[in-house]
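Trainee: Could you walk me through how to read the sheets, helices and backbone oddities of a model? I would like the general idea each time, and then the case at hand.

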Amino acid sequence: MTTIKEISEISGFSIATVSKVLNHQKGVSKKTQKEILDVANKLDYRPNLYARQLKMGSSNTLGIIAEDLTVFVTPNIIDGIGVCCDDKNYHYILGNLRFNKRFGHSPYYNEQKEQLIDEMVNQMLSKQVDGIIYVGCHTHPIDILDKRSDTKFVCAYCYSDNVNIPSIIYDDRKAGYDVGKLLISRGHKNIGVIAGIKESFNTYNRVLGFQEALFESNIPYNPNLTYYGEWDREHGFEVAKKLLNDNVTAIFAHNDLIAIGVMDYCSQNNIIIGKDIDLIGFDDRDITEICRPKLSSVSLPLFEIGHTAASVILDMIKDEKNAIPNKILLNCEVIERDSVRRG
């Protein structure tokens with residue numbers, strides 16, 4: 001990379017004069033400007049914007065630490081961050097912890113994970129980022145960031161209980177409520193729930209919202225119609241048989257993979273989804289549009305989570321005294337397709 005010193009040596013002008021010209025400062029004649037710029041162009045000089053910004057007190061760069069880029073939620077969140085950064089003339093550096101590849105799908109932290117996070121934070125800070133957005137794989141708590149009080153953090157798709165670390169997540173409770181209200185509006189009272197892991201933040205809040213919808217409609221909640229387990233297709237298949245034997249008329253599956261397992265069971269047993277039974281999934285993944293029947297599902301505000309996270313941290317950088325809520329909950333949307341009968 002060509003330096004100002006090299007341009008100075010070839011052009012015959014002092015480093016101070018060359019620096020003035022290349023930084024568009026006054027006090028240099030047009031003739032001198034032209035000679036210096038001609039040399040700079042011949043040497044294909046490119047200004048070090050990063051160093052220039054640091055001199056102004058900011059790198060204009062965010063760090064993004066993703067727990068795993070291969071998780072389906074992550075690309076849209078990062079896209080939202082990127083759009084906000086473009087609008088605000090900010091750059092970003094992306095780091096990938098590869099947690100799913102390294103440790104499987106467990107949301108729990110261990111010493112190895114914490115070490116990887118700590119190392120990645122140090123890498124970001126060595127590049128003089130103004131703040132860091134931490135993007136989780138799941139909506140789970142993270143407390144290791146609390147130890148870095150010298151750094152501005154925002155959590156996206158995960159959360160911190162530290163009042164100084166804003167968290168941008170979606171509202172599982174409201175989503176569970178909306179699913180319940182929709183199914184009730186279609187005449188269902190005996191509704192089965194195929195939930196994820198019982199200890200999960202998402203599971204707890206989706207079930208709670210669903211219970212609130214039943215309570216509001218004076219429908220008793222039957223705990224025997226809620227089954228907890230893994231977030232996979234096999235879980236949906238196994239539980240579908242139990243729920244259908246209990247004569248449920250609708251099923252709320254806590255993700256689309258579970259819902260596909262229900263579809264597998266119904267297909268093998270000549271049960272028509274959208275006619276004999278209604279089915280709603282969660283996540284609104286691409287498969288919902290190509291399976292038959294098309295699957296109704298809850299769409300996550302992933303782009304909005306990323307965009308909001310970037311907007312929040314840029315506000316924090318601009319105004320350190322700006323009061324920001326610890327948790328910002330964004331609404332989901334229930335997308336109706338053929339797996340739910342029309343009202």
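Trainee: How many bridges join strand 1 to strand 2?

Mentor: Two terms come before the count: strands (E, at least two residues) and helices (H or I, at least four) are DSSP runs numbered from the N terminus, and two strands pair if DSSP finds at least two bridges between them. Here strand 1 (residues 61–66) is joined to strand 2 by six bridges, and the two run parallel. For one example, Ile65 has Gly95 as its bridge partner in strand 2. Keep in mind that this is a predicted model, in which local features need pLDDT of at least 70 and side-chain atom pairs count only at pLDDT 80 or more, while totals for chains, interfaces and linings use all residues. Residues are numbered from 1 along each chain as its sequence is written, and side-chain values use heavy atoms, with hydrogens and water left out.

Trainee: In what order do the strands of that sheet come?

Mentor: The order is 2-1-3-4-5-11, an open sheet of six strands with parallel pairing. Strand 2 (91–96) and strand 11 (327–330) are its edges, each pairing on one side only. From one strand to the next, the twist averages 20 degrees.

Trainee: And which bridges hold the inner part together, from strand 3 onwards?

Mentor: Strand 3 and strand 4 run parallel and are joined by four bridges; Val135 has Ala156 of strand 4 as its bridge partner. Two bridges then join strand 4 to strand 5, again in parallel, with Cys155 opposite Ser167 of strand 5. Strand 5 in turn pairs with strand 11 in the parallel sense over four bridges, and Tyr170 has Leu330 as its bridge partner in strand 11.

Trainee: How do I read the side chains along a strand?

Mentor: In a regular strand the side chains alternate between the two faces of the sheet. Then look at burial, where buried means under 20% relative accessible area, exposed over 50% and partly exposed in between (1.4 Å probe, protein chains only). In strand 11, Ile328 and Leu330 point to one face and are buried, whereas Lys327 and Leu329 point to the other and are not. Strand 4 is covered on both faces: Phe153 and Cys155 are buried on one side, and Val154 and Ala156 are buried on the other.

Trainee: Which strands does helix 13 lie across?

Mentor: For this we use contact (heavy atoms within 4.5 Å) and axes, which are lines fitted to C-alpha atoms, for helices over the stretch in contact, with angles from 0 to 180 degrees between N-to-C directions. Helix 13 (residues 302–318) lies across strand 1, strand 3 (131–135), strand 4 (153–156), strand 5 (167–170) and strand 11, and runs at about 170 degrees to strand 4.

Trainee: Is there another sheet to practise on, and what is its strand order?

Mentor: Try the open sheet of four strands in the order 7-6-8-9, also with parallel pairing. Its edge strands, strand 7 (226–227) and strand 9 (278–280), each pair on one side only. Strand 8 (residues 250–253) pairs with strand 9 in the parallel sense over three bridges, and Phe252 has Ile280 as its bridge partner in strand 9. Helix 8 (residues 172–185) lies across strand 6 (191–194), strand 8 and strand 9, at about 165 degrees to strand 9.

Trainee: At what angle do helix 10 and helix 11 cross?

Mentor: The axes of helix 10 (residues 233–245) and helix 11 (residues 256–268) cross at roughly 55 degrees and come within 6 Å. Helix 10 and helix 11 are therefore oblique to each other; angles under 35 degrees count as roughly parallel, over 145 as roughly antiparallel, 65 to 115 as roughly perpendicular and the rest as oblique.

Trainee: Finally, which backbone oddities should I look for?

Mentor: Most residues other than glycine have a negative phi, and most peptide bonds are trans. In this model, the peptide bond from Arg292 to Pro293 is cis, with omega near 0 degrees; Pro293 lies in the loop between helix 12 (287–290) and strand 10 (297–299). Gln128 has a positive phi, near 65 degrees, and lies in the loop between helix 7 (111–126) and strand 3. Asp284, also not a glycine, has a positive phi of about 55 degrees, and its place is the loop between strand 9 and helix 12.
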